Amino acid sequence: MREVSGMRLKKMVMLAMFVAIGVVISPILRVEGCCPMQHVVNIVCSVFMGPWYSLLCAVLIGVIRMACMGIPPLALTGAVFGAFLSGVFYRISKGSIFAAAGGEVFGTGIIGSIVSYPVMAFLMGRGEVTLFFYTPSFLAGTLMGGSIAVVFLFALRRAGMLTKLQAQLGGAL
């Protein structure tokens, strides 16, 4: 019983750290519709903890950014699909870091950008946007953030730390 509660505590602490890091570093390199540092956090969280924790992390970061920094709903629509698919693609591929980055690019760059259209056009009253208005900036942001995450995760793997961290969090494949 103690091992289960200890694992949950480790996961919650790591999730809180990912959320804090995501909120603090997200303004770096940020322009509207392009937040590469969010995608770094999404991919790393997906690889460490899996799709559900990554989804929760993206939602929490988005809500905090919207509430405290005045970021539009793009903070959610541009993060949640990629965060979840990053973890799913990583698991399906049995540990491919490139698959995790690909899930982020597809989920955010394509799905998230298209879902952002009705949110911004109708709910936020931005009538000038079109269906693919956010796609270029979302793709650019995910490619930048994905590249940083891939370099970071390969460095962890090469040092032998990735497997150890995943094992500590119960997320090893």
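This is a short walk through the helix packing, a few single residues and the cysteines of a predicted model.

Let's start with helices H6 and H7. H6 covers residues 97-123, and H7 covers residues 135-158. Two packed helices are described by the angle between their axes and the distance between the axes. Here, the axes of H6 and H7 come within 9 Å and cross at roughly 160 degrees. That makes H6 roughly antiparallel to H7, because an angle over 145 degrees counts as roughly antiparallel. The crossing of H6 and H7 is right-handed.

Who touches whom? On the H6 side, the contact residues include Ile97, Phe98, Ala101, Glu104, Val105, Thr108 and Gly109. On the H7 side, they include Thr135, Phe138, Leu139, Thr142, Leu143, Gly146 and Val150. Sorted by class, the contact of H6 with H7 has 11 nonpolar, 8 polar and 2 charged residues.

Now zoom in on this pair. Take Gly109, in helix H6. Is Gly109 buried or exposed? Gly109 is buried, at a relative accessible area of 0%. Set aside neighbours within four places in sequence, and Gly109 is in contact with Glu104, Thr135, Phe138, Leu139 and Thr142. Look along the chain as well. Phe122 is 13 residues from Gly109, and their C-alpha atoms are separated by 20 Å.

Next, Thr142, which sits in helix H7. Thr142 is also buried, with 0% relative accessible area. What does Thr142 contact, leaving aside neighbours within four places in sequence? The list is His39, Glu104, Val105, Thr108, Gly109 and Ser147.

Ser147 is in H7 too. Ser147 has a relative accessible area of 45%, so it counts as partly exposed. Ser147 and Phe98 are 49 residues apart in sequence, but 9.4 Å apart in space, C-alpha to C-alpha.

Stay with H7 and move on to H8. H8 is residues 161-168. How do H7 and H8 meet? Their axes come within 5 Å and cross at roughly 95 degrees. That makes H7 roughly perpendicular to H8. From H7, the contact uses Leu153, Leu156 and Arg157. From H8, it uses Met161, Leu162 and Leu165. By class, the contact of H7 with H8 has 5 nonpolar, no polar and 1 charged residues.

Third pair: H2 and H5. H2 is residues 36-49, and H5 is 80-92. H2 and H5 pack at an angle of about 40 degrees, with their axes 8 Å apart. H2 and H5 are therefore oblique to each other. Their crossing is right-handed. In H2, the residues are Asn42, Ile43, Ser46, Val47 and Met49. They meet Ala83, Ser86, Gly87, Tyr90 and Arg91 in H5. By class, the contact of H2 with H5 has 5 nonpolar, 4 polar and 1 charged residues.

One residue of H2 deserves its own slide: Val40. Val40 is buried, with a relative accessible area of 11%. Which residues does Val40 contact, leaving aside neighbours within four places in sequence? They are Gly145, Ile148 and Ala149. As for Ser86, it is 46 residues from Val40 along the chain, and the two C-alpha atoms are separated by 11 Å.

Now a loop residue. Lys94 lies in the loop between H5 and H6. Lys94 is exposed, with a relative accessible area of 70%. Check its backbone. Most residues other than glycine have a negative phi, and most peptide bonds are trans. Lys94 has a positive phi of about 60 degrees, although it is not a glycine.

Last topic: cysteines. A disulfide is a covalent bond between the sulfur atoms of two cysteines. How many disulfides are counted in this model? The count comes to 0. Look at Cys57. The nearest cysteine sulfur is that of Cys45, 4.3 Å away. Cys57 is in no disulfide, because the sulfur atoms would have to be within 2.5 Å. Cys57 is buried, with 0% relative accessible area. Cys35 counts as buried as well, at 9% relative accessibility.

To recap, briefly. H6 is roughly antiparallel to H7. H7 is roughly perpendicular to H8. H2 and H5 are oblique to each other. Lys94 is the loop residue with the positive phi. And the disulfide count is 0.

Methods. Residues numbered from 1 in each chain as written. Predicted model: local features only at pLDDT ≥ 70, side-chain atom pairs only at ≥ 80, totals over all residues. Heavy atoms only, no water. Helix = DSSP H or I, 4+ residues; strand = E, 2+ residues; numbered from the N terminus. Buried < 20%, exposed > 50% of the residue type's maximum accessible area, 1.4 Å probe, protein only. Axes fitted to C-alpha atoms, helices over the stretch in contact; angles between N-to-C directions. Parallel < 35°, antiparallel > 145°, perpendicular 65-115°, else oblique. Left-handed = near helix turned anticlockwise from the far one by under 90°. Contact = heavy atoms within 4.5 Å. Nonpolar A, V, L, I, M, F, W, Y, C, P; charged D, E, K, R; others polar.
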